[in-house]
Amino acid sequence: MQIATWNVNSLSVRLPQVLDWLAANPVEVLGLQELKLTDDKFPHLELEAAGYHCAAFGQKTYNGVALLSRQPLRDVVRNLPDLADEQARVVTATLDTPQGPLRVVNAYFVNGQAPGTDKFAYKLRWLAALTTWVRAQLAQHPRLVLMGDFNVAPDDRDTYDPVGLAGTIHHTPEERAHFQELLALGLHDSFRLFEQAQKSFSWWDYRMLGFQKNRGMRIDHILISDALKPLASACQIDRAPRKNKQPSDHTPVVLSLHD
DNA sequence: ATGACGGTGTGGCACCGA
């Protein structure tokens, strides 16, 4: 089975691409971020027709996340219990697989703008609350996936300019320490469990021919718990949707697990 | 130092993203 994450930068605009991608890549679970729409505008009918149950958590204009699953989703939790937050950034749910229940946390991490700003302070508070949430979830659900747009380039391999961008947003020691803290809970960056091409990225700036020049970052991740690690058989970035006519600036990351 | 591109909501631009 396959599990994927994709920041679509407006589901209204990208729904046709999501449906096309799911037709070509009938993954078991897909986490979406940056829906940029309220729940009453979520395209339940189209996604159900494509064979997916959905747990949507949106808001007006910004943010918004959803989980799509071939199996029904239960025990859905929206956002982080320990953090009062008006921004819709996390949806957590359970689905059943032949090997047992799978808990999936799908998140749109805070961008943070720049170190020293209020938004950066919010990012660090949010990261701390997420870590608390995932720690508690792992204690209850050993088979756990944490995926989404992390807005963190975990190390220098994950950015097109590690020297020039050192210390800037997505590259700060504080953000990277939080990423390591998530790993220390007993999670694994599934992409790095396998040999990967150098300069593998999941996001490219729309401007300045970022994609054509491969000036990108790997900021979309799928972390898996110890219990799932032996089942992982591949993790790949699918660059194809970034070549679409009206692409998201992010492209899907796909994890393959043995059945 | 700034803006470049794209989306949203409002209004003829400002904001946010990464």
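Me: How many helices and strands does chain A have?
Reply: Chain A of this predicted model has four helices and 14 strands; helices (H or I, at least four residues) and strands (E, at least two) are DSSP runs, numbered from the N terminus. Local features need pLDDT of at least 70, side-chain atom pairs count only at pLDDT 80 or more, and totals for chains, interfaces and linings use all residues. Residues are numbered from 1 along each chain as its sequence is written, while chains are lettered from A and ligands numbered from 1 in the order in which they are written.

Me: What radius of gyration does chain A have?
Reply: The value is 17 Å, which agrees with the figure near 18 Å for a compact globule of 259 residues. The radius is taken over C-alpha atoms, and the globule rule is 2.2 Å times the number of residues to the power 0.38.

Me: Which residues have the most contacts inside the largest nonpolar core?
Reply: They are Val65, Ala66 and Val145, in a core of 68 residues. Such a core is a set of buried Ala, Val, Leu, Ile, Met, Phe, Trp, Tyr and Cys residues joined through C-beta atoms within 7 Å. Helix α3 (residues 118-140) gives the most to this core, with six residues.

Me: Turning to leucine 183, where is it?
Reply: Leucine 183 lies in helix α4 (residues 173-184).

Me: Why is leucine 183 classed as partly exposed?
Reply: Because 13 other C-beta atoms lie within 10 Å of leucine 183; 20 or more would make a residue buried and 12 or fewer exposed, with partly exposed in between and C-beta atoms placed from the backbone.
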